Amino acid sequence: MATRHTATLRTLRRFLSTSQCIKHENPLGLPRRPPLPQIPRRGPIEKRGIANVDKVIAVASGKGGVGKSTIAQNLAFAIALRNHPQTNIPLRVGILDLDIFGPSVPTLMGLQNAGEPELTSKGSILPLTNHGLPCMSMGFLIPSTNSASGDNTDTPIVWRGLMVQKAVQQLLFDVDWSKDGHGLDALVIDMPPGTGDVPLTLGQLVHVNGAIIVSTPQDVALSDVRKGIAMLKKVSVPITGLVLNQAYYLCPDCNNNTPRYVFGKPDGFRKVAERLEIPILGELPLVEGVSTSADDGYPFVLKAVSEKEDVGGFSWKNTMNQVAERTVAELWKS
Ligand SMILES: Nc1ncnc2c1ncn2[C@@H]1O[C@H](COP(=O)(O)OP(=O)(O)O)[C@@H](O)[C@H]1O
Ligand SMILES: [Mg+2]
């Protein structure tokens, strides 16, 4: 049973607010537990699973602002709408936000003011849940700058590499995903941009079953994608597929449904996918409702969208469901 360890959480927040003097071994200030796996300096890297999680899927890209977090959140819900291919029971899914410096999951999940996560009696962090989906984010652990509102969106995390690495390890291995004793079928990880410490730590320590790489049509985003793929390959993370986000725009007030390629045609992206022999899981349009829904903390994929009123939103939702379908098929292929 979970017990409330408010004092411990307070300690944790105090730790975070004075991060310069924290010992690197325990940046989240969690109670003492068996040592976390270490990244070996030399020799073979020992990867392990995340407790109570069957499949781990990372949503990544080499660049920020391309829609990783939005896609990670909606993908998690779209997977949760499906049944397990082997047992036919609805899939149990969670989200882990590994964007330490710019966590988005609290906002996307409508949990900005949800309060502190509780700790179990063994000192593991319990995920917070909204819309039926458990999630964990650095954003839940940052002390607030505004004590009246509890808002921590302006609180910066000022950490060096080793601190980040340790915090990631704690978020990976000190969260209790057991959820009513059943555990999760899939954990979707929202990655930070780039090829820095976080993807490296994840790839070196955890058995990641698949990665979805998000890009926008611009050339600069595409070149970052190539770097991201190369890095994931280096740490033996299998690439499930690519998603092109903001690929086109369908004007809701125009009579024809001709796609407008606001950020350029998708040809460059398709060529990269072909050359790298990585499947394209979907091409999502640019949709106003996707953005407003994200700000409102509600996953767009759960919204009722009519093709007549919102042709772009309809297409976005269908494509997102198709991405989830293909991801599930890939994760559980025998
Ligand atoms: N297909 C889309 N249509 C409209 N807005 C989008 C779409 N994808 C992402 N956005 C918006 O773009 C911004 C950046 O997305 P986000 O998911 O935070 O990117 P990242 O995690 O890669 O930094 C957010 O405001 C989000 O709502
Ligand atoms: Mg993000």
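User: Two strands pair if DSSP finds at least two bridges between them. With that settled, in which sense do β2 and β7 pair, and over how many bridges?

Analyst: In this predicted model, β2 and β7 are paired in the parallel sense, with six bridges between them. One of the positions involved is V59, whose bridge partner in β7 is D190.

User: And which bridges join β2 to β8?

Analyst: β2 and β8 also run parallel, joined by four bridges, and V59 appears again here, with I212 as its bridge partner in β8. β2 itself is mostly covered, since seven of its eight residues are buried.

User: I212 again, then: what stands opposite I212 in β9?

Analyst: G241 is the residue that stands opposite I212 in β9. The strands concerned, β8 (residues 210–215) and β9 (residues 239–244), run parallel and are joined by five bridges.

User: Let's step back to the whole sheet. What is the strand order?

Analyst: The sheet is open and has eight strands, in the order β5-β6-β3-β7-β2-β8-β9-β10, with mixed pairing. β5 and β10 (280–283) stand at the edges with a single partner strand each, so each of them has one side without a neighbour in the sheet. On average, and ignoring direction, neighbouring strands are turned by 25° against each other.

User: What lies across β7?

Analyst: Helix α2 does, running at about 170° to β7 (184–190), and the strands α2 lies across also include β2 (53–60), β3, β6, β8 and β9.

User: Is β6 buried or exposed?

Analyst: Five of the five residues of β6 (residues 133–137) are buried, so the strand is largely enclosed by the rest of the structure. In a regular strand the side chains alternate between the two faces of the sheet. Both faces of β6 are covered, with L133, C135 and S137 buried on one side and P134 and M136 buried on the other.

User: Which strands does it pair with, starting with the parallel sense?

Analyst: β3 (residues 93–97) pairs with β6 in the parallel sense over three bridges, and the bridge partner of D97 in β6 is S137. β5 (residues 128–130) pairs with β6 in the antiparallel sense, also over three bridges, with L128 opposite C135. In the hairpin formed by β5 and β6, two residues lie between the strands, and H131 takes a positive phi near 50°.

User: Which other residues have a positive phi without being a glycine?

Analyst: N52 and E277 are two such residues: phi is near 65° at N52 and about 55° at E277. N52 sits in the loop between α1 (6–17) and β2, while E277 sits in the loop between α8 (267–276) and β10.

User: Why does N52 count as partly exposed, and E277 as exposed?

Analyst: N52 has 18 C-beta neighbours inside 10 Å and therefore counts as partly exposed, because a buried residue needs 20 or more and an exposed one has 12 or fewer. E277 has 7 C-beta neighbours inside 10 Å, so E277 counts as exposed.

User: Switching to helix α6, how many of its residues are buried?

Analyst: Seven of the nine residues of α6 (residues 197–205) are buried, so this helix is largely enclosed by the rest of the structure. The buried ones are D197, V198, P199, T201, L202, G203 and L205.

User: Now the ligand. What surrounds ligand 1?

Analyst: Ligand 1 is surrounded by 16 residues, the closest being G67, K68, S69, T70 and S291. By type, the shell divides into six nonpolar, nine polar and one charged, and α2 (68–80) and α9 (288–295) each supply at least two of its residues.

User: Last topic: what does the pLDDT of the chain average?

Analyst: The protein chain averages a pLDDT of 86, and 83% of the residues score at least 70. Over residues 17–22, however, the pLDDT is below 50, and this stretch has seven contacts in the model beyond near neighbours in sequence. Where pLDDT is low, the predicted coordinates should not be read in detail.

User: And overall, how many helices and strands are there?

Analyst: The protein chain has 10 helices and 10 strands, and buried residues make up 44% of its 334 residues. Among contacts between residues at least 6 apart in sequence, 78% join residues at least 24 apart.

Notes:
Residues are numbered from 1 along each chain as its sequence is written. Chains are lettered from A and ligands numbered from 1 in the order in which they are written. This is a predicted model: local features need pLDDT of at least 70, side-chain atom pairs count only at pLDDT 80 or more; totals for chains, interfaces and linings use all residues. A residue is near a molecule or strand if its C-beta atom, placed from the backbone, lies within 6 Å of it. Ala, Val, Leu, Ile, Met, Phe, Trp, Tyr, Cys and Pro count as nonpolar, Asp, Glu, Lys and Arg as charged, and the others, Gly among them, as polar. Axes are lines fitted to C-alpha atoms, for helices over the stretch in contact, and angles run from 0 to 180 degrees between N-to-C directions. Two residues are in contact if their C-beta atoms, placed from the backbone, lie within 7 Å. pLDDT is the predictor's confidence in each residue, from 0 to 100.
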